[in-house]
Amino acid sequence: MIIILKPDVTEEQIQHVVARVEELGLRAHLSRGTYRTIVGVIGDEQKVQADPLRAIPGVLEVVPVLPPYKLASREAHPQSSIIDVAGVKIGGGNLAMIAGPCAVEEPERMLRIAQMVKAAGANLFRGGAYKPRTSPYAFQGQGEEGLRILRETGDAVGMPVVTEVMDPRQIDAVDRWADMIQIGARNMQNFSLLTEVGRTRKPVLLKRGMSATITDLLMSAEYILSQGNSQVVLCERGIKGWDPATRNLYDVAAVPLVKGLSHLPIIVDPSHATGRPDLIPACALAGVAAGADGVHIEVHDCPEKAKSDGPQALLPAQYAELAAQIRKLAELFGKRISPLPEKAGS
Ligand code: PEP
Ligand code: MN
């Protein structure tokens with residue numbers, strides 16, 4: 001950490017800064033230049049808060065040298081992590097192909113969609129049982145019954161399942177029924193939820209909040225990791241833009257950016273990022289080309305009857321065409337769509 005002092009800092013203030021640093025158990029290295037005096041702080045800066053130091057009279061700025069996310073950083077863990085979701089690997093050249101309807105629907109439809117996305121090459125089946133809806137009058141999901149339907153569908157076709165948790169009170173049930181717990185964009189900074197999910201040992205799909213910076217996203221991952229759950233996969237799903245032409249602004253640069261900063265896998269969700277089926281294939285391929293460890297896409301066999309997010313759903317045939325292109329692109333980069341575990345069903 002480097003403390004930059006103000007041009008008019010007094011000798012008394014300099015000595016006060018040095019004394020505070022030493023009080024915190026760190027060493028201060030004073031460097032007096034012609035225009036500025038700076039204090040190099042030597043020791044474990046992650047044990048020290050920068051803000052109290054910023055409040056000391058005579059301090060212009062405090063510049064941390066290390067990233068604030070210790071466990072999530074690539075510096076701490078140079079090798080890319082591979083997350084195992086009930087036998088499906090994500091990261092290290094293995095792509096996740098997460099597909100399914102936005103919400104869990106009736107069992108027959110779920111089975112139909114699951115069979116179709118599995119045949120296309122998907123390796124994880126998704127569906128929300130607890131839905132975060134803007135309106136309290138909109139379909140809220142089927143709750144625990146939805147979790148049961150999702151599990152039965154996954155078991156019937158031999159695909160691990162992913163579903164969202166919105167509240168710490170839902171964690172036990174989601175942990176029991178699902179193979180991967182999704183934290184949605186709206187809850188990325190629900191710190192008590194992150195802490196509780198961190199106490200489970202289930203893989204977590206952490207979606208980027210719609211106004212979250214990359215640092216915010218990695219700090220949220222840190223909440224989960226710091227509780228002992230190291231199974232975190234990040235997801236770029238678009239950030240709030242100003243143009244209603246697309247649902248969100250797809251930040252494809254986030255993929256290589258996060259890959260440089262963190263060892264955690266990152267996947268893309270072009271469904272929520274664009275909200276438009278005509279844009280999803282190109283954006284999915286762009287994500288894979290940018291280095292994403294997987295693609296998360298909403299698929300429905302009859303979008304006009306979907307309980308949520310119908311307008312952005314791909315039809316199964318469209319998904320199959322896209323999945324074939326993703327497979328080719330993955331090969332070009334020496335990657336592969338992670339195969340399903342052996343014990344697969346029908
Ligand atoms: C979803 O996956 O259906 C969802 C609600 O996503 P997000 O949290 O990214 O909006
Ligand atoms: Mn959705």
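Which residues does V197 touch, once those up to four places away in sequence are not counted? I would like to start from that residue and work outwards, and I should say at once that what we are looking at is a predicted model.

The answer is that V197 touches V165, I171, I181, I183, V204 and N229. This valine lies in helix α6, and with a relative accessible area of 0% it is buried, because that value falls under the 20% cut-off. There is also I224 to consider, which stands 27 residues from V197 in sequence, while the C-alpha atoms of the two are 6.6 Å apart in space.

That brings me to the packing of the helix itself. Two packed helices are described by the angle between their axes and the distance between the axes. For α6, residues 191-198, and α7, residues 214-225, the angle is about 45° and the axes are 7 Å apart, which makes α6 oblique to α7. On the α6 side the contact is made by F191, L194, T195 and G198, and on the α7 side by S220, Y223 and I224. Sorted by class, that contact has 4 nonpolar and 3 polar residues, and no charged ones.

Helix α7 comes up again when we turn to α8, residues 254-261, in which A254, V255, V258 and K259 are buried. Seen down the axis of α8, these buried residues fall within an arc of 130°, and they therefore line one face of the helix. What they pack against is α7, together with strand β12 (232-236), strand β13 (266-268) and helix α10 (280-289).

From the end of α8 we can step across to a loop residue, S73, which is found between β4 (59-63) and β5 (83-85). Leaving aside neighbours within four places in sequence, S73 is in contact with P67, L261, S262 and H263, and with a relative accessible area of 4% this serine is buried.

Now to the metal site. The manganese ion, ligand 2, is coordinated by C102 through SG, H272 through NE2, E298 through OE and D309 through OD, at 2.1 to 2.4 Å. In sequence these donor residues follow the spacing C-x169-H-x25-E-x10-D. Within that set, H272 in helix α9 (residues 270-274) and E298 in strand β14 (residues 294-298) are 26 residues apart, and the pair links distant parts of the chain. How buried are these two donors, as relative accessible area? H272 is buried at 8%, and E298 is buried at 1%.

By way of contrast, let me take R54, which lies in helix α2, residues 50-54. R54 is partly exposed, with a relative accessible area of 34%, and, neighbours within four places in sequence aside, R54 is in contact with V59, E61, V62 and P64. Its C-alpha atom is separated by 44 Å from that of N94, which is 40 residues away along the chain.

Finally, the chain as a whole. The protein chain has 11 helices and 15 strands, and its C-alpha trace spans about 75 × 45 × 40 Å along the principal axes. Of its 346 residues, 52% are buried. Among contacts between residues at least 6 apart in sequence, 69% join residues at least 24 apart.

Note on methods: Residues are numbered from 1 along each chain as its sequence is written. Chains are lettered from A and ligands numbered from 1 in the order in which they are written. This is a predicted model: local features need pLDDT of at least 70, side-chain atom pairs count only at pLDDT 80 or more; totals for chains, interfaces and linings use all residues. Side-chain values use heavy atoms; hydrogens and water are left out. Axes are lines fitted to C-alpha atoms, for helices over the stretch in contact, and angles run from 0 to 180 degrees between N-to-C directions. Helices (H or I, at least four residues) and strands (E, at least two) are DSSP runs, numbered from the N terminus. Angles under 35 degrees count as roughly parallel, over 145 as roughly antiparallel, 65 to 115 as roughly perpendicular and the rest as oblique. Contact means heavy atoms within 4.5 Å. Ala, Val, Leu, Ile, Met, Phe, Trp, Tyr, Cys and Pro count as nonpolar, Asp, Glu, Lys and Arg as charged, and the others, Gly among them, as polar. Buried means under 20% relative accessible area, exposed over 50%, partly exposed in between (1.4 Å probe, protein chains only). The arc is that of the directions from the helix axis to the C-beta atoms. Donors are N, O and S atoms within 2.8 Å of the metal (3.2 Å for Na, K and Ca); water is not among the atoms, so sites may look incomplete.
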